[in-house]
Every structure is written in structure tokens, then in C-alpha cells.
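Colleague: Could you walk me through this model at the bench-side level? I'd like to go over the sheet, the salt bridges and the ligands with you.

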Amino acid sequence: MTKGLVRNRDFLDLAKADPSPNAPLIDTFGRTISYLRLSVTDRCDLRCTYCMPERMTFLPKKEVLSLEELHDLALGFIDRGVTKIRITGGEPLVRRGIIGLFEALGQRLGYGLEELTLTTNATQLAGHAEALYKAGVRRVNISLDTLDRARFEELTRRDALPQVIEGITAAQEAGLRVKLNAVALKGVNEDELPDLIAWAHGLDHEVTLIEVMPLGDVEEERLDQYLPLSDVRSALEERWTLTDNAHKSGGPARYMDVAETGGRLGLITPHTNNFCDGCNRLRVTATGQLYPCLGGGERVDMRAALRSDDPQGELAKAFDQTMLIKPERHHFRMDERGAAPHLPRHMSMTGG
Ligand code: SAM
Ligand code: SF4
């Protein structure tokens, strides 16, 4: 653990002694917030074509929250009733010292925090899987859109499929439950989705498919990438028996069982099926900007609160303000008129 993270030990012990949270986070539509997605970096070692351009401009490091600030902020959320934290990015495992943050937050498991998890591209997971398990992580989401090495290189602009497979294997060996996320891309991995699902289910991994969202400028037209999951489901039903399953993961996916593979499949469908009613999530960028909606421009500056003379008081105000501005639903649209709204920030800023 880094020196700065130890600094919070007193606060941590205090919270363990009295884990009762302050006023819970409830928005103006009556939704209770229990889930934080915390981006720890906007940097990444891949360049997925739907996520960012090859020549991506990354944030100056001084604008990014320190590990200590990320830790303090996460504790603030736990204090207000957040029970699940997903560490994301960019690629969280490229952030130096990140395991220290997992170790520090892991100490709150059972003391307000119920689950600590991460989303990763798995290129560096082989070297970190055991440490993550030791820190208290039990499940990881791994992004993998293709099993074909040449296609992987085309899609991510890096030849890294062998490392990713190694990372997936290491995670399973370390005792982590693996869920694979794949973005469904028209004409790119469309033909391969059944094989990807069958492969994952054969290894006892769940799979979630995601519709592409119009976040940030990339080098391709969004509409050219967009593949409605209603079409994917119809195609899968010609091959397999799919039965809806009421399972809830805390995220926006709807689930179904695939009789022939014996596995579970989730669909995240911001366009073909809105999921905002039950939204329990908040997202914070690596610079401490809190976005109450992935698909909206509303934001609250948590970094200013953290760096103020009265961090606790200012954070409390910032949380209350967030609850007032969380919108009822996102306004993503992807149809023949195009992709909207145009949100300038990439998914790598707000995290998946
Ligand atoms: N680098 C990590 C990874 O790829 O898993 C974590 C961050 S990444 C931004 C989180 C998720 O967002 C990934 O599953 C990725 O496929 C997805 N994603 C990125 N850009 C997207 C977009 N424009 N639309 C839909 N999903 C996107
Ligand atoms: Fe990196 Fe994840 Fe974006 Fe791919 S989706 S470029 S792995 S942040």
C-alpha cells in the first residue's frame, strides 16, 4: 500500500467501528444510488476503434486524481450508501500503484462495501490476478470482441490477443469469476458472436453483448459500427433456445439462458431497449468529474471539493447537488438520422 493510502487508516478504523452510512443518495426520481464506477486513468495500451482514435490526446497527469484522492473519494461514496465499486478507465491496470488502491478499498469489504470489482482489457491481468483476489476482488469484467488474432489487431490496433487470453486464464486460476463483454459491431464481429459466446460458455464465463454508443470522436462513422442487439438476438434464436432470466447484476444488462451451451448471456441495449428506470449508478472520471448519467452532459466537480479547505463539507454538498441533477434517462439515439447526442467525451473517460 502506498504511504498516502495508509494516511486514511484512522478514518477507516472509525468507519469500521460505525459502518452506518450518512444520508443515502436518492435522486429526484426516487432511485437510490448504490453503485460507483470509478475511472482511475484515461490512458490505455489498446486503441479500440469504437472507443478512441489512434492518436488519442490523454489528460495531463496533474489533472488526474492521485491514488489517495481516489481512495478518499471512494470512502465518501461508501459513507453515503454506495455498496459496489467498479474500478475502470481507460485501462485501470496501466495505472502505476493501482493494486494499492484495491488493497486499501478491499479493507472496506464487509464494512459498508459489498463488492469491489474492475473492468479490464486483460492485457496485464496475468500479472495482477492473484493480487486482485487477495485484495478481495471476486469478479472481473473483461472486454473481448473477437477470438481471431488478426481481427483483434485490426479492432484494437494492437497485436495483443495472446496476452488477453493469458490474462483470462490467470484470472480463472486465481479464483476470479470472469464475465466477458463484447461490443457488437456491424460487419466486424457480427459473424463471430455465436462462436465467441460458445467459447466463453464452454469455459464457464458469462458473456454480455453491448450496443455501441456515440461517445467521443473516433475515426469511423458511429452508424457504420452500430449493430442493434435485437437483430443479434433474432440471429442467435435461429441457432439456440434463449430463455429470459430475471437475474440482476446491478448493471443495465438483461439476461437470458442459452439452453444449448448451458451459459448465461446479457444484453446491454441503450438504443433498442432503454434501461434508465432502475439506474443505480454514478460515474467519476479520473479527474474527479462526477457524471450522473453516461449519456448526459451534467457533471459535478468532485476534485474541487476534494482539494478545498473543507473536503468533507464540500463533498457532502457535491453529493447532494448530484442527486438534484441526475437526469431521468439518457438521450442516446442511433437511427437512420444518425448518432446523437454528440457527446465529446470518450468512453475511456467515464469508464464502462
Ligand atoms: N479498458 C477497459 C476495458 O476495455 O475493459 C475498461 C474501460 S472500457 C472504456 C469499458 C467498456 O466500454 C469496454 O467493455 C468497452 O468495450 C466499452 N466501450 C468503449 N467504447 C464504447 C462505445 N463507444 N460504445 C459502447 N461500449 C464501449
Ligand atoms: Fe482501451 Fe478499453 Fe477503450 Fe479498448 S475499450 S481502447 S481497452 S479503454
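Modeller: Gladly! Let me start with the strands. An open sheet with mixed pairing is built from 12 strands, in the order β7-β8-β9-β6-β5-β4-β3-β2-β1-β10-β11-β12. Strands here are DSSP E runs of at least two residues, helices are H or I runs of at least four, and both are numbered from the N terminus; two strands pair if DSSP finds at least two bridges between them. This is a predicted model, where local features need pLDDT of at least 70 and side-chain atom pairs count only at pLDDT 80 or more, while totals for chains, interfaces and linings use all residues. Residues are numbered from 1 along each chain as its sequence is written, chains are lettered from A and ligands numbered from 1 in the order in which they are written, and side-chain values use heavy atoms, with hydrogens and water left out.

Colleague: Which strands stand at the edges of the sheet?

Modeller: An edge strand has a single partner strand, so one of its sides is left without a neighbour in the sheet. The strands in that position are β7 (242-245) and β12 (300-301).

Colleague: In β9, which residue is the bridge partner of aspartate 257?

Modeller: Strand β8 (residues 254-258) pairs with strand β9 (residues 263-268) in the antiparallel sense, over 5 bridges. In β9, the partner of aspartate 257 is arginine 264.

Colleague: How far apart in sequence are the parts that arginine 80 and aspartate 320 tie together?

Modeller: These two form a salt bridge (a side-chain nitrogen of Lys or Arg within 4 Å of a carboxyl oxygen of Asp or Glu), with their closest N and O atoms 2.9 Å apart. Arginine 80 sits in the loop between α3 (67-79) and β2 (84-88) and aspartate 320 in helix α12 (residues 311-325), so the parts they tie together are separated in sequence by 240 residues.

Colleague: Is arginine 80 buried or exposed?

Modeller: Buried means under 20% relative accessible area, exposed over 50%, and partly exposed in between, with a 1.4 Å probe and protein chains only. Aspartate 320 counts as partly exposed at 40%. Arginine 80 has a relative accessible area of 9%, so it is buried.

Colleague: Which residues are joined into one network by salt bridges that share partners?

Modeller: Lysine 84 and glutamate 115 meet in a salt bridge at 3.6 Å, N to O. That pair links strand β2 with strand β3, 31 residues apart, and both residues are buried. Salt bridges with shared partners make one network of Lys84, Glu115 and Arg139.

Colleague: Now the ligands. Which oxygen or nitrogen contact does serine 143 make with ligand 1, and at what distance?

Modeller: A polar contact is a pair of N or O atoms within 3.5 Å. Glutamate 91 has a side-chain N or O atom 3.2 Å from a nitrogen atom of ligand 1, and a polar backbone atom of methionine 213 is 2.8 Å from a nitrogen atom of that ligand. For serine 143, a polar side-chain atom and an oxygen atom of ligand 1 are separated by 2.5 Å.

Colleague: How much of the accessible area of ligand 1 does the protein cover?

Modeller: Accessible areas come from the Shrake-Rupley method with a 1.4 Å probe. On its own, ligand 1 has 550 Å², and the part covered by the protein is 96%.

Conventions:
A polar contact is a pair of N or O atoms within 3.5 Å; within protein, one must be able to donate a hydrogen and the other to accept it, and residues adjacent in sequence count only if both atoms are side-chain atoms.
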